[in-house]
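Student: Please take one residue on a strand and look at it closely. Then work outwards from there to the strands around it, the core and the chain as a whole.

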Amino acid sequence: MEEVRIKVPPGRIQIKEARCPNGCSLMDKNKLISSKPSIKVRISSRGASGLIYFNPFYGLFEYESELELHDGDIIEAHCPYCNVNLTSEEICGMCGVPMFAMHLEDGGELRACPKVGCKNHSLTIVDLDAQFAQYYDEERRPKM
Ligand SMILES: [Zn+2]
Ligand SMILES: [Zn+2]
């Protein structure tokens with residue numbers, strides 16, 4: 001399958017469904033960020049572990065974490081339900097550490113760098129489908 005990478009302006013795409021490789025939904029309807037269900041991941045850092053909730057709008061880099069995080073810390077990300085490690089094979093081009101990945105509906109992946117403070121997120125879409133074609137239309141619409 002062809003891998004399509006898209007760059008999108010921050011805050012324009014809401015991640016509505018993200019799953020671990022085993023299929024657990026990571027969306028938490030009880031923890032809203034920007035009034036939308038957040039993406040919940042279990043992380044560990046410096047020997048401690050806790051939950052982190054990401055803003056579901058792609059590119060906003062907002063999160064609420066049970067662990068206190070400092071710029072430069074490298075977290076390890078796991079599914080909060082089945083505990084599978086979310087580390088992917090892609091290396092962050094800015095930090096040189098493996099990024100973690102969440103599966104989106106329809107074959108896409110959302111990847112993020114585990115180093116706190118790094119803003120290297122990437123949205124990889126495998127098999128561009130109607131859902132994402134919609135976003136492209138959205139982007140082309142003139143701003144009001
Ligand atoms: Zn899982
Ligand atoms: Zn990085």
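**A strand residue and its surroundings**

Tutor: Leaving aside neighbours within four places in sequence, L32 is in contact with P37 and S38. The model is a predicted one. L32 belongs to strand β3, which covers residues 27-33. Is L32 buried or exposed? L32 is exposed, because 12 other C-beta atoms lie within 10 Å of its own and a residue with 12 or fewer counts as exposed. A further residue to set beside L32 is P56: the two are 24 residues apart along the chain, and their C-alpha atoms are separated by 9.1 Å.

Next come the strands that follow in sequence. P37 and S38, the two contacts of L32, fall within β4, which spans residues 36-45. β4 pairs with β5 in the antiparallel sense, and seven bridges connect them. One position to inspect in this pair is S44, which stands opposite S49 of β5. The hairpin formed by β4 and β5 has two residues between the strands, and R46 in that hairpin takes a positive phi near 50°. β5 is also joined to β6, residues 63-65, by three bridges, and these two strands run antiparallel. Within that pairing, Y53 has E64 of β6 as its bridge partner.

β4 and β5 lead on to the interior. Both are among the elements that give two or more residues to the largest nonpolar core, a set of 25 residues. Within this core, the members that touch the most others are I15, A18, I39, V41, L86, M102 and L110. Besides β4 and β5 (48-54), the elements contributing two or more residues are β9 (98-104) and β10 (108-112). Which element supplies the largest share? That is β9, with five residues.

M102 gives a view of the core from one of its members. Apart from neighbours within four places in sequence, M102 is in contact with A18, R19, L26, I39, L86, E109 and L110. Among these, A18, I39, L86 and L110 are also on the list of core residues that touch the most other members.

Finally, the chain as a whole. The protein has one helix and eleven strands, and along the sequence the order is β-β-β-β-β-β-β-β-β-β-β-α. Of its 144 residues, 23% count as buried. Among contacts with a separation of 6 or more, 44% are between residues 24 or more positions apart.

Key. Residues numbered from 1 in each chain as written. Chains lettered and ligands numbered in written order. Predicted model: local features only at pLDDT ≥ 70, side-chain atom pairs only at ≥ 80, totals over all residues. Core = buried A, V, L, I, M, F, W, Y, C linked by C-beta atoms within 7 Å. Buried ≥ 20, exposed ≤ 12 C-beta atoms within 10 Å, placed from the backbone. Helix = DSSP H or I, 4+ residues; strand = E, 2+ residues; numbered from the N terminus. Contact = placed C-beta atoms within 7 Å. Pairing = 2+ DSSP bridges.
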